[in-house]
Amino acid sequence: MTKTEGYLDHAIFKLVGSTARELGVRAFVIGGYVRDCFLGIPNDDIDIVVEGSGIALAEAVAAKCGAKVSVFRNFGTAMLKYKGIEVEFVGARRESYDRSSRKPVVEDGTLEEDQLRRDFTINAMAFSLQEDDFGALVDPFGGIKDLAAGIIRTPLDPEQTYSDDPLRMLRAIRFATRLGFNIVPESLDAMKRMAGRLKILSRERIVEELDKMLLTKKPSTAFRLMDQTGLLEQFFPELVRLKGTETVDGKGHKENFSHTLEVLDNVVLFEQEAGREPNLWLHWAALLHDIGKPVSKRYSPSLGWTFHGHEVVGARMVPQIFKSLKMPLNEKMKYVQKLVALHLRPIALVDDQVTDSAVRRLLFDAGEDIEDLMILCNADITSKNPAKVARLRRNFELVKEKMAEVEAKDEIRNWKNPISGDYIMELFGIEPCNTIGQLKEMVKEAILDGVIPNTFEAADAFMRERAAELGLYPHD
Ligand code: CTP
């Protein structure tokens, strides 16, 4: 046992230790908190394992310090909130799992039996809270060694560990990605054999892991690993379909799976460079931006490979994918859909002559999300030819400058029609009808095309002229 100082300074640890002693049980800090201590990562979630009743210990601790305790009798756990930290108590278990669900059949066990049933050696380490060896590291499976070597390994045969809870296969990949660790080959092999077991998991649990993967610094690693192990195919076949490339008449096309992952990593990087917080939904948009490509792929001898309309097809696929993953079909989904639909627009401006009106239309369509769209679009510039990337990025900067100019002048981004329906009805003394919508649309088009400036006076004069053509005149 290694003596470990400094990690258990919070008052709760001594309190749990002394209370456990009074109850005649042994208690340990275990899992993520211990791992993160050694990694130097702050963690406010503390798991305590007790050789005895976790609930009884939690209640006794709470009675002493006046903390609030929530008891989950079905799970045999209790949660206590104390001085800014959350402490979960659980009795040490010897578990065997029902193959058809993730629900364990639980029997009381010793610390070591409990550690053996945990997911990874780096998550199975414990600190003793006993008075005589307070802070001693209990690490029967070499977690500290694996942590130093950057290895994800299961304490048991991986097939057993993953069969007990298939979510752990995704957790392994998430930890490997987040920490830059390697999963041992036998574990990866077990995943390949066990991939089908993911079907017993709820989609919500899977998406929770996906979200965490998407919020790492290099999410591509996670998606590559999920692909290599066959896990991705189980719940995200649309992504797997992006894989591969075809060659006809000696002409090939971009490998869209790798490209997508490159774009995803780029988005994370660009956000960071811009000093922005990671935006999970922007990451989802990056992941799905080309999802319509396999369906839209065509070959013609004159044009080669084309993916015309893939942004429209892709945007249409977004709700289906969200639904199949049981993700909420709310404004976040609409945001992802919008970015997928618009992802080609800024880059199209790079090739064209950048007109003010094209820029205004893009600002109008993207609205509040224009900056996110620009990050996505910039991230989408990938090529094996560095000179081409550099040229496109330079031109892209010009589009951004143009955009800033137009926005400063015309304020289109949060555009509201200066002419309201009520105003038109009152001016002409008319009831609600189609003409009102038509007049408002004409004003919008005229402003976006730069025919008139974005002011009430100009819009009003323009609208009165169009109304007169329709035989409408102000009534007095
Ligand atoms: N655990 C496990 N199998 C799981 C989930 C959790 O064995 N499917 C164990 C691990 O020992 C883990 C501990 O329970 O360290 C706590 O789980 P959790 O809070 O979900 O994860 P952390 O390891 O704390 O990491 P994170 O908060 O990043 O998920």
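**View 1. What kinds of residues ring the ligand in this predicted model?** Sort the shell around the ligand by class and you get 10 charged residues, 3 polar ones and 1 nonpolar one. Altogether, 14 residues surround the ligand. The closest are Arg-35, Asp-119, Asn-123, Asp-165 and Arg-174.

**View 2. Zooming in on polar contacts with the ligand's oxygen atoms.** Start with Arg-35: an N or O atom in its side chain sits 2.8 Å from an oxygen atom of the ligand. Arg-174 also uses an N or O atom of its side chain, this time 2.9 Å from a ligand oxygen. With Asp-119, look at the backbone instead: one of its N or O atoms there is 2.8 Å from an oxygen atom of the ligand. Now for the cover: on its own the ligand has 560 Å² of accessible area, and the protein covers 74% of that.

**View 3. Where does the shell around the ligand come from?** Two elements give two or more residues each: α2 (32-39) and α7 (167-179). Helix α7 supplies the largest share, with 5 residues. Step back to the domains, and you'll find that domain 1 (2-149) and domain 2 (156-209 + 221-235) each put at least three residues into the shell.

**View 4. A look at helix α13, residues 256-273.** This helix has 18 residues, so at 1.5 Å a residue it should span 26 Å. Its end C-alpha atoms are 25 Å apart, which agrees. Is α13 largely enclosed or open? It's largely enclosed by the rest of the structure, because 13 of its 18 residues are buried. Just after α13 comes Gly-275, with a positive phi of about 70°.

Note on methods. Residues numbered from 1 in each chain as written. Predicted model: local features only at pLDDT ≥ 70, side-chain atom pairs only at ≥ 80, totals over all residues. Heavy atoms only, no water. Near = heavy atom within 4 Å. Polar contact = N/O pair within 3.5 Å; in protein donor to acceptor, adjacent residues only side chain to side chain. Areas by Shrake-Rupley, 256 points an atom, 1.4 Å probe, with all protein chains shown as cover. Helix = DSSP H or I, 4+ residues; strand = E, 2+ residues; numbered from the N terminus. Nonpolar A, V, L, I, M, F, W, Y, C, P; charged D, E, K, R; others polar. Domains from an automatic or database assignment. Expected span 1.5 Å × (residues − 1). Buried < 20%, exposed > 50% of the residue type's maximum accessible area, 1.4 Å probe, protein only.
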